[in-house]
Amino acid sequence: MLEIQYDYPSCRFNHTIKIRTGHMLHPESPAVDPLSCALHALTLRCQNLKKVVMLGAIIISPDVFWPAHDCNRGDDNATDSPIWPSMEEYSVSMNIVTPTGGCYYRRDPNGICPVWLDSAEFHPLLRAISRAVRRMPKIRKFVVELEPGCSCQYIVGVVAAGPGMSVAHRPTMMKDGTDVRRWYVFVGSETEWGPSNVEGDIRAMWDEWVGPAGIARVVVYPTKRRRV
């Protein structure tokens, strides 16, 4: 088991934070996030690793799941050998701030909290997660959560669950199809992101993973905006 606890409370829920790129990114290659790439490499080296847990306000990029240079190589397919042959559980609580100083959310101009999902940041994350899960043949449950900190109504969660695994995500609990594979993306209605925003290649990876009998869908739970 690999467990990482990262605590950076000063910026966890602050979408206006400006991270010095020289501190978080590779000095000779600003597009490279060394922490995420190192964590990715570590999980690959441990071929018998069964469980990964990353807790706290960890500032990571999609590279922790699938490095960007691999995403663009063009030879990814389902017949390739699995990368994580033993992985059964993978859970990550991510900071809403990215290593480049960006944010997965955009702020509502009429409020204080960052509440609208930024597709330009969120889609690469979804794509990297989808690629990684497809290479975990024994995965039972994979969870990634983003939380702006304002209220549970803005939490975003990505959950891939195997047969027999429960799918609980604030503020809802899914009880359908527990005997099949399921892939859910949970978003609050105030995030202004829904099923129509899912790009075709990402949807195809979800459908492939769950199989013909499985369930893959975006769950938009109703919310009532709360000004803070």
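Two strands are said to pair here if DSSP finds at least two bridges between them, and strands (E, at least two residues) and helices (H or I, at least four) are DSSP runs numbered from the N terminus. This is a predicted model, in which local features need pLDDT of at least 70 and side-chain atom pairs count only at pLDDT 80 or more, while totals for chains, interfaces and linings use all residues. Residues are numbered from 1 along each chain as its sequence is written, and side-chain values use heavy atoms, with hydrogens and water left out.

**View 1. Strand 6 between strand 3 and strand 7, shown by its pairing.**
Let us start with strand 6. Strand 3 and strand 6 pair in the parallel sense, over six bridges. Strand 6 and strand 7 (residues 156–161) run antiparallel and are also joined by six bridges. Valine 143 is a good residue to look for in both pairings: this valine is the bridge partner of serine 91, and its own bridge partner in strand 7 is valine 159.

**View 2. Strand 6 and its two covered faces.**
Six of the six residues of strand 6 are buried (under 20% relative accessible area with a 1.4 Å probe, protein chains only; exposed is over 50% and partly exposed is in between). The strand is therefore largely enclosed by the rest of the structure. On one side you will find Lys141, Val143 and Glu145, and on the other Phe142, Val144 and Leu146, all of them buried.

**View 3. Phenylalanine 65 and tyrosine 90, a tilted aromatic pair.**
The structure holds eight aromatic pairs (rings of Phe, Tyr and Trp, the last by its six-membered ring, with centres within 6.5 Å; planes under 30 degrees apart count as stacked, over 60 as edge-to-face and the rest as tilted). In the pair shown here, the ring centres of phenylalanine 65 and tyrosine 90 are 5.9 Å apart and the planes are at 50°, so the pair is tilted. Distant parts of the chain are linked by this pair: phenylalanine 65 sits in the loop between strand 2 (51–58) and helix 3 (68–71), and tyrosine 90 in strand 3 (residues 89–94), 25 residues apart. Both phenylalanine 65 and tyrosine 90 are buried. With Phe142 added, Phe65 and Tyr90 form one aromatic cluster. Leaving aside neighbours within four places in sequence, tyrosine 90 is in contact (heavy atoms within 4.5 Å) with several residues, among them Val52, Met54, Met136 and Ile139.

**View 4. A salt-bridge network of Lys51, Glu89 and Arg140.**
The structure holds five salt bridges (a side-chain nitrogen of Lys or Arg within 4 Å of a carboxyl oxygen of Asp or Glu). Glutamate 89 forms one with lysine 51, the closest N and O atoms being 4.0 Å apart. Glutamate 89 is in strand 3 and lysine 51 in strand 2, so this pair ties together parts that are 38 residues apart in sequence. Glutamate 89 counts as partly exposed at 27% relative accessibility, and lysine 51 counts as partly exposed at 30%. Glutamate 89 also meets arginine 140 in a salt bridge (3.5 Å, N to O). Arginine 140, in the loop between helix 4 (119–133) and strand 6 (141–146), is thereby tied to a part of the chain 51 residues apart in sequence. Arginine 140 is partly exposed, with a relative accessible area of 36%.

**View 5. Glutamate 208 and arginine 134, joined by a salt bridge.**
The closest N and O atoms of glutamate 208 and arginine 134 are 3.1 Å apart. Glutamate 208 lies in helix 5 (residues 200–210) and arginine 134 in the loop between helix 4 and strand 6, so the pair ties together parts that are 74 residues apart in sequence. Glutamate 208 counts as partly exposed at 43% relative accessibility, whereas arginine 134 counts as buried at 17%.

**View 6. Valine 133 in helix 4 and the largest nonpolar core.**
Valine 133 has its place in helix 4 and is buried, with a relative accessible area of 0%. Leaving aside neighbours within four places in sequence, valine 133 is in contact with Ile139, Phe142, Ala160, Trp183 and Trp209. The largest nonpolar core (buried Ala, Val, Leu, Ile, Met, Phe, Trp, Tyr and Cys residues joined through side-chain atoms within 4.5 Å) has 47 residues. Phe65, Tyr90, Phe142, Trp183 and Val185 have the most contacts inside this core. Helix 4 gives the most to this core, with seven residues. A second, separate core of 11 residues includes Val143, Val159, Ala161 and Ile215.
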